[in-house]
Amino acid sequence: MKKFLVLFVVIVFVLNLSALGENIKYGGTLRVVNAIGGNLVPNFNPFSPSAVSILPVIYETLFSVNILNGEIVPMLGTSYKWEDNNLKLVITTRNGVKWSDGTPFTAKDVAFTFNYLKENPALDQSGIWSPLSGLQSVEASGDSVVVFTFAKQNTPVFFYIVEQSIIPAHIWSDVKDPSTWTNPNPVGTGPFELESINIPNNTLTLTKNTNYWMKDKPYIDKISYSAVLSNTTAFEMLLSDKADMVGAFLPNIQKAWADKNPSVNKYWWLVYDTNVLLFNTLKYPFDNPDLRKAIALSIDKNSLEEKAYYNVGGVANQLGIVPTQLDEWLDPTLKDLLNSFTYNPAVAQKLLESAGFKENTQGQLCDLSGKPFPTFKILVPAGATDFITMAQIISENLKAIGLSTVIDQEAGNTYMSSVMSGTYDIAVCWGTGFGPTPYYFYYGEFNPFFSAPIGKMAISDYGRYTNPLITSALDVYSQTSDTNLQKQAIYTIERIFLMDTPFVPLTNRTMFGEWSESRFTGWPSDSNPYCGYSEFGYAGGLSAGELISLNVHLK
């Protein structure tokens, strides 16, 4: 247990604002709006990457891990300990919990959930059963204890295990094809349950789960969730008081929203990840590291940050490590190499020429046979104005090295399908892994278990780049709790990353949480980062959304 404290700080967390002496007002319907680039698809499968983003208020996790500070909040789990030289993780589950249909929750549901992932690898979005994990078995010991047994030490996997949504065995044991099931009548242990769906209006309503184990929570009665096509529409709803909370990028957020009514109009855009330009590294010419590096040198990241985000989050470094982790985890011998990745089209052109890619008399970049490259598509989600702006700037930048590109906008679900199946050339996307150290970012991006051939659905690693040396370094990191050894493993990954340029980190990725305090209060903030997240989150285990729903209340 002591060794594990290098990753997480365990705290006693009281999910009861009344204990702090506040007079809590109950009731109200919280109106939440998300811009998803398409129509609402009523998918309540917690294993699906396209499930509705409000799902964490229905399905709970064992613990909630605050990615900002590592604090751990007990949820369906009440305590844990590592045994047998960190080869066994023992978690005690909460007694007195019921599923929303009244069936008692037990440790057997937890064991069922993880063994269900083993039986259906396509659902294992975090690679809990991947070869790198070393997990051998998950068994319930009675109704209140679950034992995870490993073949090798892997303390970082704790983050993925405890943030996995838990499902009811009595429901899911009868599901024949869980990868396609939309789970139309979700049964969870969370504070809310599905009340109704209005497909023509792209809305759904959630109501209090009367069986919820925290008897004085939630404070609000209902959540009205609306899916809209664009960030612009979401912003208009917020400005016209048709929404209390919005999860969307809003241009010039300080001036356009906060400054209009500073006492009420709030937002919390904290940096947690990186926006990236993906290359389909299994397709020519993006399988060439020199071409990828030349593209990286040709992108004016300062312009991306200024015009897409109004300098809110900052420019990303080429390693994709968030600013709060860079000083501690950057290999000091790589500083000069890292700093060489600055906007410099002239250097990019020289690099291309030395690699055999030359421009013809019309200024078109040609392949090694002298044939001009075709016009490539830059894939973005429709309605995502920040990504579209970045793609437009990148497209203009690439003209300087003779590459012709067009913007390809696809609706949210179609965009995700294209990215996951590898049917794109280049794509503006987000980093697929994040956590308290860079390990989680690189684990999500480079674990070969997450990759797939073109045409098959990748769990993450959407660029389909793998490297055995990186795989080995990830393995080394996971099997030690010695911070110095973990840093050496990360240093190995950093050097390969800078040499091969598997993708281009563009801007620091912030969460997009905006809300009005005219009716509701209790939101997270810099001064009270109780969940380390400012949106309701995504299906598959980001438990912060539940914490928001438990703390927000009428003003």
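**Exercise 1. Place Ser-48 in the chain, decide whether Ser-48 is buried or exposed, and list side-chain polar contacts of Ser-48.**

Step 1. Ser-48 sits in the loop that links strand E2 (29-35) and strand E3 (63-65). Strands are DSSP runs of E with at least two residues, helices are runs of H or I with at least four, and both are numbered from the N terminus.

A word on the source: this is a predicted model, where local features need pLDDT of at least 70, side-chain atom pairs count only at pLDDT 80 or more, and totals for chains, interfaces and linings use all residues. Residues are numbered from 1 along each chain as its sequence is written, and side-chain values use heavy atoms, with hydrogens and water left out.

Step 2. Ser-48 counts as buried because its relative accessibility is 11%. The cut-offs are under 20% relative accessible area for buried, over 50% for exposed, and partly exposed in between (1.4 Å probe, protein chains only).

Step 3. The Ser-48 side chain makes a polar contact of 3.0 Å with the side chain of Asn-43. Another, of 3.1 Å, links the side chains of Ser-48 and Ser-50. A polar contact is a pair of N or O atoms within 3.5 Å; within protein, one must be able to donate a hydrogen and the other to accept it, and residues adjacent in sequence count only if both atoms are side-chain atoms.

**Exercise 2. Give the strand order of the open sheet of 4 strands and find its edges.**

Step 1. The order is E5-E6-E8-E7, with antiparallel pairing. Strands pair if DSSP finds at least two bridges between them.

Step 2. Strand E5 (77-83) and strand E7 (135-140) are the edge strands, each pairing on one side only.

Step 3. Take E6 (residues 88-93) and E8 (residues 145-150): 5 bridges join them in the antiparallel sense. Thr-92 has Val-145 of E8 as its bridge partner.

**Exercise 3. Describe how helix H13 packs on helix H15.**

Step 1. Two packed helices are described by the angle between their axes and the distance between the axes.

Step 2. The axes of H13 (residues 438-446) and H15 (residues 483-500) come within 11 Å and cross at roughly 50°. That angle makes H13 oblique to H15. Angles under 35 degrees count as roughly parallel, over 145 as roughly antiparallel, 65 to 115 as roughly perpendicular, and the rest as oblique. Axes are lines fitted to C-alpha atoms, for helices over the stretch in contact, and angles run from 0 to 180 degrees between N-to-C directions.

Step 3. H13 contributes Pro-438, Tyr-439, Phe-441, Tyr-442 and Phe-446 to the contact. H15 contributes Ile-490, Ile-493, Glu-494 and Phe-497. Contact means heavy atoms within 4.5 Å.
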